[in-house]
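Colleague: I have a chain open in the viewer and would like to learn how to read its features. Can we start with one residue and work outwards?

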Amino acid sequence: MDIQYWDKETECLPRKDLEAHQLQALKKIVDQSFKTEFYSKRLKDAGINSGDDIKTLQCIRRIPFTTKHDLRSAFPYGMLAVPKSDVVRLHASSGTTGIPTTIYLTKKDIEAWASYMARCIYATGCTRDDVFQNMITYGLFTGGLGFHYGAEKVGMMVIPSGSGNTARQFKLMQDFETTVVHSTPSFLLHVESKMREEGVKRGSLKLKRAFAGAEPYSEDTRKRIEALLDIDVFNSYGLSEMNGPGVAFECQHKNGLHIWEDGYIAEIIDPDTLEPLPDGEKGELVITILCREASPILRYRTRDITSFYTEPCSCGRTHRRLHRITGRSDDMLIVNGVNLFPSQIEEVIMNMKEVGNNYLIVVEKEGALDRLTVKTEVNADNFMDDSRPMNALKERIARTLQVSISINPRVELHENGSLPVSEGKAVRVIDKRPKDV
Ligand code: ADP
Ligand code: ZN
């Protein structure tokens with residue numbers, strides 16, 4: 001495999017030099033944070049008076065964590081570290097778990113973000129000869145403009161198609177011979193279902209790759225998309241608090257996401273004790289952004305659950321890799337006392353060939369008990385009106401799920417393409433149980 005690097009020197013920097021860079025950058029971002037109302041108080045309360053108090057990388061542990069709640073409490077400008085006249089852009093999170101949070105970027109911040117994005121895109125083997133269709137929501141959401149600027153930096157021809165409208169997406173792909181797309185994994189599966197429905201032949205497309213992110217998905221879902229569309233799918237991870245996409249990305253080896261450690265300091269902590277975990281152990285990802293001046297955010301608790309790979313990648317990049325994110329700690333459902341992540345259900349059903357491309361999890365109260373229903377689509381080839389084979393399939397899905405999640409779910413089968421598809425992040429769980437007040 002021919003490995004290409006956007007910035008070989010930085011991407012392959014020896015660990016010792018990378019860590020030396022991180023320490024200097026950490027001191028600098030701490031100083032920068034003192035320019036914000038929020039951090040000048042927060043850091044002083046923790047006994048930190050300037051970047052000079054950070055003597056080693058381990059000193060990062062003296063800095064208190066920042067949470068989404070903190071960002072909301074500092075809304076709108078409590079965490080802004082530059083004069084407002086230096087800000088050229090505002091972005092906001094999708095608001096999956098509540099009121100969206102905002103971040104600000106200077107010209108320099110946009111430039112830095114685009115460079116990290118270009119690094120990600122290039123690491124997958126794309127070049128300036130590619131035609132890139134960005135099938136994701138533009139606007140406040142960072143996935144649109146983040147990828148857009150990065151792809152332009154690489155020199156690809158960018159088609160800012162946005163999300164939705166599959167008929168138009170196919171037309172653009174055909175007319176301009178799109179080779180790469182970016183989307184959520186759920187929208188890619190929807191695109192595939194629509195292709196079959198509308199009779200779009202794979203041979204009429206020049207697609208080679210897709211970048212898929214913004215929501216959790218399993219390795220089986222990746223394999224499914226790759227097989228159905230005959231492309232390579234690369235996992236893309238980011239969050240608006242840390243710029244958006246461009247934080248961690250898979251290289252050509254598609255085996256874990258390199259987190260760019262010259263721009264981000266990543267830690268994995270135990271979400272209950274808040275203590276750092278040794279490399280390789282699964283916990284909550286905490287990130288400090290080093291590559292931004294307008295909105296410095298220190299030790300941000302992402303709530304995302306992952307772990308570091310302990311071995312280096314054979315691509316030669318020295319920046320550590322994260323395992324696929326399995327979900328957020330706040331995605332966890334408790335059903336009759338059993339802890340359950342939606343990703344556990346996805347792992348089981350996306351592995352069954354009769355199951356179609358979309359699913360939905362519903363939890364509700366039935367008397368005193370919780371009732372879990374898994375609604376899945378069935379492949380067009382396997383769907384039939386005859387109830388006997390359908391019942392057998394239903395039972396098999398329920399049994400397989402029960403073995404792996406220790407909950408006996410009700411399973412509902414739906415015709416391919418009949419469950420709702422969202423244009424942004426997929427909504428996988430509907431929890432109808434009354435909330436405790
Ligand atoms: P919100 O927090 O409102 O959803 P963002 O748009 O910033 O707003 O979303 C970032 C979150 O999306 C991440 O914290 C993570 O939970 C999820 N996410 C993004 N990319 C991935 C990915 N590749 N795999 C799993 N989850 C992802
Ligand atoms: Zn690699």
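Modeller: Keep in mind that this is a predicted model. Start with L274: leaving aside neighbours within four places in sequence, L274 is in contact with F65, I269 and R301.

Colleague: Where does L274 sit?

Modeller: L274 lies in the loop between β10 (264-269) and β11 (283-289). Of its contacts, R301 is 27 residues away along the chain, and the C-alpha atoms of L274 and R301 are separated by 9.9 Å.

Colleague: Is L274 buried, exposed or partly exposed?

Modeller: Partly exposed, because its relative accessible area is 31%, and that class runs between 20% and 50%. For the opposite reading, take S236, which belongs to strand β7. S236 has a relative accessibility of 5%, so S236 counts as buried.

Colleague: Which residues does S236 contact, beyond its neighbours within four places in sequence?

Modeller: S236 is in contact with F147, A212, G213, A214, P245, A248, F249 and L257.

Colleague: How should I read the pairing of a strand such as β7?

Modeller: In general, the strands of a sheet pair through backbone hydrogen bonds, either parallel or antiparallel. Here β7 (residues 232-239) and β8 (residues 244-250) run antiparallel and are joined by three bridges. Within this pair, Y237 in the first-named strand has A248 of β8 opposite it.

Colleague: What is the strand order of the sheet that holds β7 and β8?

Modeller: The order is β4-β3-β5-β6-β7-β8-β9-β13, an open sheet of eight strands with mixed pairing. β4 (157-159) and β13 (321-322) are at the edges; each has a single partner strand, so one side of each lacks a neighbour in the sheet.

Colleague: Which helices pack on this sheet?

Modeller: Two to look at are α7 and α9. Helix α7 (residues 166-176) touches β3 (131-134), β4 and β5 (180-183), and its direction makes about 170° with that of β3. Helix α9 (residues 219-229) touches β7 and β8, with a direction at about 135° to that of β7.

Colleague: How do I read the packing of one helix against another?

Modeller: Take the angle and the axis distance together. Helix α8 (residues 185-198) packs with α9 at an angle of about 30°, and their axes are 10 Å apart. Angles under 35 degrees count as roughly parallel, so α8 is roughly parallel to α9. The crossing of α8 past α9 is left-handed.

Colleague: Which residues meet where α8 packs with α9?

Modeller: From α8 come P185, L188, L189, E192 and M195; from α9 come T221, R224, I225, L228 and L229. The residues of this contact divide into seven nonpolar, one polar and two charged.

Colleague: Let us apply the same reading to the sheet with β17. What is its order?

Modeller: It is an open sheet of four strands, ordered β19-β18-β17-β20, and its pairing is mixed. β19 (410-415) and β20 (429-431) stand at the edges with a single partner strand each, so one side of each is left without a neighbour in the sheet. From one strand to the next, the twist averages 20°.

Colleague: Do β17 and β20 run parallel or antiparallel?

Modeller: Parallel: three bridges join β17 (residues 355-366) to β20. Opposite I430 in β20 stands V362. Helix α10 (residues 342-349) packs on this sheet, touching β17, β18 (369-378) and β20, and its direction makes about 140° with that of β17.

Key
Residues are numbered from 1 along each chain as its sequence is written. Chains are lettered from A and ligands numbered from 1 in the order in which they are written. This is a predicted model: local features need pLDDT of at least 70, side-chain atom pairs count only at pLDDT 80 or more; totals for chains, interfaces and linings use all residues. Side-chain values use heavy atoms; hydrogens and water are left out. Two strands pair if DSSP finds at least two bridges between them. Contact means heavy atoms within 4.5 Å. Axes are lines fitted to C-alpha atoms, for helices over the stretch in contact, and angles run from 0 to 180 degrees between N-to-C directions. Angles under 35 degrees count as roughly parallel, over 145 as roughly antiparallel, 65 to 115 as roughly perpendicular and the rest as oblique. A crossing is left-handed if the near helix is turned anticlockwise from the far one by less than a right angle, and right-handed if clockwise. Ala, Val, Leu, Ile, Met, Phe, Trp, Tyr, Cys and Pro count as nonpolar, Asp, Glu, Lys and Arg as charged, and the others, Gly among them, as polar. Buried means under 20% relative accessible area, exposed over 50%, partly exposed in between (1.4 Å probe, protein chains only).
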